[in-house]
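Here is a set of exercises to work through with the model open beside you. Try each task on your own, then compare your steps with the solution.

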Amino acid sequence: MDFLNSYIVLAEIYVLLALSTNLLVGIVGIFSVSQAAVFGVGAYIVAALLMGDILPFLPAILVAALCCVALNILVTLPSLRVAGDYFVVTSFGIQLLATAVFTNWTEGTGGANGLPGIPPPAILGFEFDSTGQFLLLSSAALAAGCLCFWLIMRAPFGRLLRAIREDEMAVAAAGKNVLRAKVGAAALAGALAGLAGGVYGTFLSFIDPSSFDLDASILMLTMVVVGGARTLTGSILGPFLLLALPQLLTLVEIPSTIAAAMRQLIYGLLLIAFMLFRPQGLAGERL
Amino acid sequence: MIWLQLLAQGLVTGCALGVVAISFSLIYATTRIFHVAHAGVYTMGGYVAWSLIQHGVPDPLALILAIAACTAVGALIQHQLYHRLERRRATQLVILIASLGVLAVIQNIIAAVYTPNILQFASAWGGRTLSLGGVLVSYAQLLIVLVSLATYGGLLFFAHRTLLGKRIRAVASNPFLAEITRLQPQDVYVIVIAIASAVVCLPGVLVPFELGLQPYGGVTVLLTATIAMIAGGVGSITGAFVLAVAIAVLQNLSLLVMPGEWSIGVTFFIFVIFMLFRPRGLFAAG
């Protein structure tokens, strides 16, 4: 039961990340492989604030989300101003830079050994320390994320973002500020990833750089691609399916040393296959 | 004299990086595809050569066979993947995601077969050093510089003086016009990626002679090369090469003031500066 619960909690956290990736890659059509970096920043900030007893859980999450928003704005603003392909470079660069910081800034992040002993979250004196209780918290975060995504897609801002994906020039000609809309979407994506990071760190009570590297970003992209881009259903479906994959792989006899490589290999094959044969994913719209 | 040694190291790394940058620039300027999988082809070349040498193949022959393998894989990616996607009018984003998928596949096949640990070449000659004016240079490093400069000169000649080179530049500057004048852009794209994959295999094999092989190392190399390409001006062979050398030298000299783990930060800082002040690059045409 605990096993099933922790699978659901993790999947719910990854739904938030998939929503964040979907917003950038699916809705606005900006390629991004730095979601895991932002996710990591959120996780480390919440961990630092809770372990140092500086802030309680909810304000800590808020601070982390705001930092991630600021980070995403800072990162996207210079490159989006120039051209789409420059953002590819920026996004790879941020991801590699973040991994370098997580791994080498030993005082702040514990380096490659990670940060153990992150206290469980507490809201108004109620501690979420069992997996079952945590399920409530992650489900609440998931509901908030999904509601936010759904509302924005219905709002004029959502229509503006979709329009940018279809024809940027036409949107600019209609007098809309394309750059501001894109940076706005990036800010929102940052908030979602930061929230996910905070929940993730407190759930596992341990974080290390391997959860926030380029491979993790590729996993998030695969979730969006498999589930289906541009829809809420797709972003919920993708994480639940792909997080079940490692469990299925344990049924096949492969040495544990190459298990991680096999997983990433499958994600790569999924990316290629879906792009070739089903770019709309299982429950999405055409990329 | 530590700075002189670092300068020499920077020049060597820069020459190898320059070849990667030129090859990527060739693909990007012609096909407009952000060929991320190029990092995988780069890594693959080294591993192919390593396995062949392990099986007793002489070094030069192993290099040639590795180049052939990279050429084939590059052409296959264009012909079987990018071309199919383009026929279905896939967006740039879709092609980019597919390319990222190919990168993940190549890297992780390598990691699964050869383990993610660093492998060293067993050949003895690469490690031998000689002293040039107080700076220690290994034979492998010397070879990297010579081969890189020759490749740079060769590609410059190829692009401007040969018929195929002119055809490639014609397709790059106007694919539509090239299509109606029967220059067959789709064939040119396959040729371009094949040539670029062959070229990138040179540093892909020679650099590991000095530094060893690692399945996931290609991404950082390609990222730095891409930054050099953008800073040099997309489409400019000289720009890409010169800027790659400059970035590698700066990276190495930065070791005087900060530890090596942060050199990716230096590279990225250079990129941000260029984006803010000169996004078209230094050697951009027009």
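**Exercise 1.** Find the residues that Leu287(A) is in contact with, leaving aside its neighbours within four places in sequence.

*Solution.* This is a predicted model, so treat each step as a reading of a prediction.
- Start with the place: Leu287(A) sits in the segment after helix H12 (259-277) of chain A.
- Next, list the partners. In chain A, Leu287(A) is in contact with Gly26(A), Ala229(A), Pro279(A) and Gln280(A), and in chain B with Thr91(B), Leu93(B) and Val94(B).
- Then compare sequence with space: Val25(A) is 262 residues away from Leu287(A) in sequence, yet their C-alpha atoms are 8.6 Å apart.
- Finally, decide on burial. The cut-off is 20 or more other C-beta atoms within 10 Å; Leu287(A) has 22, so this residue is buried.

**Exercise 2.** Describe the side of chain B that touches chain A: which helices supply it, and how many residues fall in each class?

*Solution.*
- Begin with the totals: 38 residues from chain B and 34 residues from chain A take part in the contact.
- Now turn to the helices of chain B. At least two residues each come from helix H3 (59-87), helix H4 (92-114), helix H9 (218-232) and helix H11 (263-277).
- H4(B) gives the most to this side, with 14 residues.
- Sorted by class, the side of chain B that touches chain A holds 29 nonpolar, 7 polar and 2 charged residues.
- For the confidence scores, the model has an ipTM of 0.93 and a pTM of 0.94. Chain B has an average pLDDT of 92, and 99% of the residues score at least 70.

**Exercise 3.** Of the residues in the largest nonpolar core, which touch the most other members?

*Solution.*
- The core has 200 residues, and those touching the most other members are Val20(B), Ala21(B), Ala228(B) and Ala244(B).
- Helix H8 (residues 185-211) of chain B contributes the largest share of this core, 17 residues.
- Take Ala228(B) as an example. Beyond four places in sequence, Ala228(B) touches Leu17(B), Ala21(B), Ala240(B), Leu243(B), Ala244(B) and Ile247(B).
- Follow one of these partners, Ala240(B), which lies in helix H10 (residues 237-253) of chain B. Ala240(B) counts as buried because 34 C-beta neighbours lie inside 10 Å.
- Again leaving out residues up to four places away, Ala240(B) touches Gly18(B), Ala21(B), Ile22(B), Ser25(B), Ala228(B), Met229(B) and Gly232(B).
- As a distance check, Ala240(B) and Leu282(B) are 42 residues apart along the chain, with 9.5 Å between their C-alpha atoms.

**Exercise 4.** Test the lengths of helix H4 (residues 84-104) and helix H6 (residues 131-154) of chain A against 1.5 Å a residue.

*Solution.*
- The expected span uses one less than the number of residues. For the 21 residues of H4(A) this gives 30 Å, and the end C-alpha atoms are 30 Å apart, which agrees.
- For the 24 residues of H6(A) the expected span is 34 Å, in agreement with the 34 Å between its end C-alpha atoms.
- Now look at burial. In H4(A), 17 of the 21 residues are buried, so this helix is largely enclosed by the rest of the structure.
- In H6(A), the buried residues are Phe134(A), Leu137(A), Ser138(A), Ala141(A), Leu142(A), Gly145(A) and Phe149(A). Their cover includes helix H1 (2-28), helix H9 (178-204) and helix H11 (232-251) of chain A.

**Exercise 5.** Work out how strand E1 (residues 129-132) and strand E2 (residues 135-138) of chain B are joined.

*Solution.*
- The two strands run antiparallel and are joined by 4 bridges.
- Match the residues across the pair: Leu130(B) is opposite Val137(B), and Ser131(B) is opposite Leu136(B).
- At the turn, the hairpin has 2 residues between the strands, and Gly133(B) takes a positive phi near 55 degrees.

**Exercise 6.** Are Arg32(B) and Arg182(B), each with a positive phi, buried, partly exposed or exposed?

*Solution.*
- Arg32(B), with phi near 65 degrees, is in the loop between helix H1 (2-31) and helix H2 (38-54) of chain B. Its 14 C-beta neighbours inside 10 Å make Arg32(B) partly exposed.
- Arg182(B), with phi of about 55 degrees, is in the loop between helix H7 (175-180) and H8 of chain B. Arg182(B) has 6 C-beta neighbours inside 10 Å, so it counts as exposed.

Key
Residues numbered from 1 in each chain as written. Chains lettered and ligands numbered in written order. Predicted model: local features only at pLDDT ≥ 70, side-chain atom pairs only at ≥ 80, totals over all residues. Contact = placed C-beta atoms within 7 Å. Nonpolar A, V, L, I, M, F, W, Y, C, P; charged D, E, K, R; others polar. Core = buried A, V, L, I, M, F, W, Y, C linked by C-beta atoms within 7 Å. Buried ≥ 20, exposed ≤ 12 C-beta atoms within 10 Å, placed from the backbone. pLDDT = per-residue confidence, 0-100. Pairing = 2+ DSSP bridges.
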